[in-house]
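The following paragraphs are meant to be read beside the sequence and the structure. Please keep both in view and locate each residue as it is named.

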Amino acid sequence: LKRLIDSAKARYWTQRGTWVYDNALLLLLKCLWSNVVPECTMASSNTVLMRLVASAYSIAQKAGMIVRRVIAEGDLGIVEKTCATDLQTKADRLAQMSICSSLARKFPKLTIIGEEDLPSEEVDQELIEDSQWEEILKQPCPSQYSAIKEEDLVVWVDPLDGTKEYTEGLLDNVTVLIGIAYEGKAIAGVINQPYYNYEAGPDAVLGRTIWGVLGLGAFGFQLKEVPAGKHIITTTRSHSNKLVTDCVAAMNPDAVLRVGGAGNKIIQLIEGKASAYVFASPGCKKWDTCAPEVILHAVGGKLTDIHGNVLQYHKDVKHMNSAGVLATLRNYDYYASRVPESIKNALVP
């Protein structure tokens, strides 16, 4: 058993035939070795956190279906919120109503913060998702979260991350984000990609859902890294300015990818398409970063503001990430060291 523990290395081969980093196996083996399994883990069906994650998984899938349905019906119902690049569609509105109402019915003591400022109204029953993803409930709950109460959790919801790209037909940029925070720290998250595989042909399975919990792992994707020595930066497509372009240039990149959606950019990091996500500007909000941060941290990456400060997700925190975002899967210190002082001075946390 000790040899198994030593060789686990926090990697796990999934039934889908993909490698994902996962601490669950290592945790379980350590618990068995110490003969303290009941103290280390708790049946997921009995813990608030894992029941919430299992529900959020199914709810995010429902939201992804809504996002696809609105496109199929042909009327996006676009309105401008603050400017021409800050848009809201019918899909944003319906998906948020679905997510927030479904969560609130099942977990009435949660604090839920959604991107869209919507009037209170009765939600159509067809928008409600009551199911939960049973596979998640088979996973052990990390011991540090086993006693969490509903009222201790804050859920950050972006019903449609990458709205501008959605309106322009760049559908692979779009994600649905549900992030879960405890004591100000992002600890669990779900990312649904409604249009994953949408260019792979009629026989391809459309859409996928990625999820993760700190101390357990991240699931639903194949972890890859950019080749050693390559510096590929992913940054904003729709919200650039001089600070952003100057900071990207300071990274001395081999290539720059300009795409929409914070969730999409983090997926680029964990799938080996980019080395660092650099956004030296206000604009990104807590609902953009909460869920993606968890997925990245669960596989050993790091996400902070441009100064290197950890983001906070308390219910009373300001929504804007006013000092930007810097995220990497590996080599965080290299990219952090290249952020110019002039840019740091321009961005107040």
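A residue is called buried when its relative accessible area is under 20%, exposed when it is over 50%, and partly exposed in between, with a 1.4 Å probe and only protein chains considered. The model is a predicted one: local features need pLDDT of at least 70, side-chain atom pairs count only at pLDDT 80 or more, and totals for chains, interfaces and linings use all residues. Residues are numbered from 1 along each chain as its sequence is written, and side-chain values use heavy atoms, with hydrogens and water left out.

We begin with the chain as a whole. Of its 349 residues, 54% count as buried. The chain holds 12 helices and 17 strands; these are DSSP runs numbered from the N terminus, helices being H or I with at least four residues and strands being E with at least two. The accessible surface amounts to about 15400 Å², and 50% of it belongs to carbon and sulfur atoms; such areas come from the Shrake-Rupley method with a 1.4 Å probe, and for residues only the protein chains shown count as cover. A contact means heavy atoms within 4.5 Å. Among contacts between residues at least 6 apart in sequence, 71% join residues at least 24 apart.

Which residues does the UniProt annotation "binding site" cover? According to that unreviewed entry, they are Glu115, Asp158, Leu160, Asp161 and Asp288. These residues are spread over 174 residues of sequence, yet they cluster in space, with a largest C-alpha distance of 9.6 Å. Glu115, Asp158, Leu160, Asp161 and Asp288 also belong to the lining of the second largest pocket. UniProt positions are given in the numbering used here, feature names are shortened, and annotations may be inferred rather than shown by experiment. On a 1 Å grid over the protein atoms alone, a pocket is an open set of points with protein on both sides within 12 Å along at least five of seven lines, and lining residues have an atom within 4 Å of a point.

Two members of this set deserve a closer look. Asp288 is placed in helix α10, residues 286-298. Why does Asp288 count as buried? Its relative accessibility is 9%, and the limit for a buried residue is under 20%. Leaving aside residues up to four places away in sequence, Asp288 touches Asp158, Asp161, Leu177, Ala262, Gly263 and Gly283. The side chain of Asp288 also reaches the backbone nitrogen of Lys285 at 2.7 Å. This is a polar contact, that is, a pair of N or O atoms within 3.5 Å; within protein, one must be able to donate a hydrogen and the other to accept it, and residues adjacent in sequence count only if both atoms are side-chain atoms.

Leu160 lies in strand β8, residues 153-161, and is buried because its relative accessible area is 1%. With residues up to four places away in sequence not counted, the residues that Leu160 touches include Thr89, Ala91, Asp92 and Glu115.

Ala91 and Asp92 lead us to helix α5, where both are buried. This helix is mostly covered, with 12 of its 17 residues buried. Its buried residues pack against α4 (48-73), β5 (86-88), β6 (111-114), β8, α7 (163-167) and β9 (175-182). One residue of α5 (residues 90-106) is Ser98, which has a relative accessible area of 0% and is therefore buried. Ser98 touches Ile59, Lys62, Ile66 and Leu127, again not counting residues up to four places away in sequence. At the N-terminal end of α5, Thr89 acts as a cap: a side-chain oxygen lies 3.2 Å from the backbone nitrogen of Ala91.

The lengths of helices can be checked. The expected span is 1.5 Å times one less than the number of residues. The 17 residues of α5 should therefore span 24 Å, and its end C-alpha atoms are indeed 24 Å apart. Helix α4, with 26 residues, reaches 37 Å from its first C-alpha to its last, close to the expected 38 Å. Just after α4, Gly74 takes a positive phi of about 90°.

Positive phi values also occur elsewhere. Most residues other than glycine have a negative phi. Glu183, however, has a phi near 55°; it is found in the loop between β9 and β10 (185-193) and counts as exposed, at 59% relative accessibility. Asn252 has a phi near 50° and is found in the loop between α8 (242-250) and β14 (255-259).

Definitions and conventions. On a 1 Å grid over the protein atoms alone, a cavity is a set of points where a 1.4 Å probe fits but cannot get out, and a pocket is an open set with protein on both sides within 12 Å along at least five of seven lines; lining residues have an atom within 4 Å of a point.
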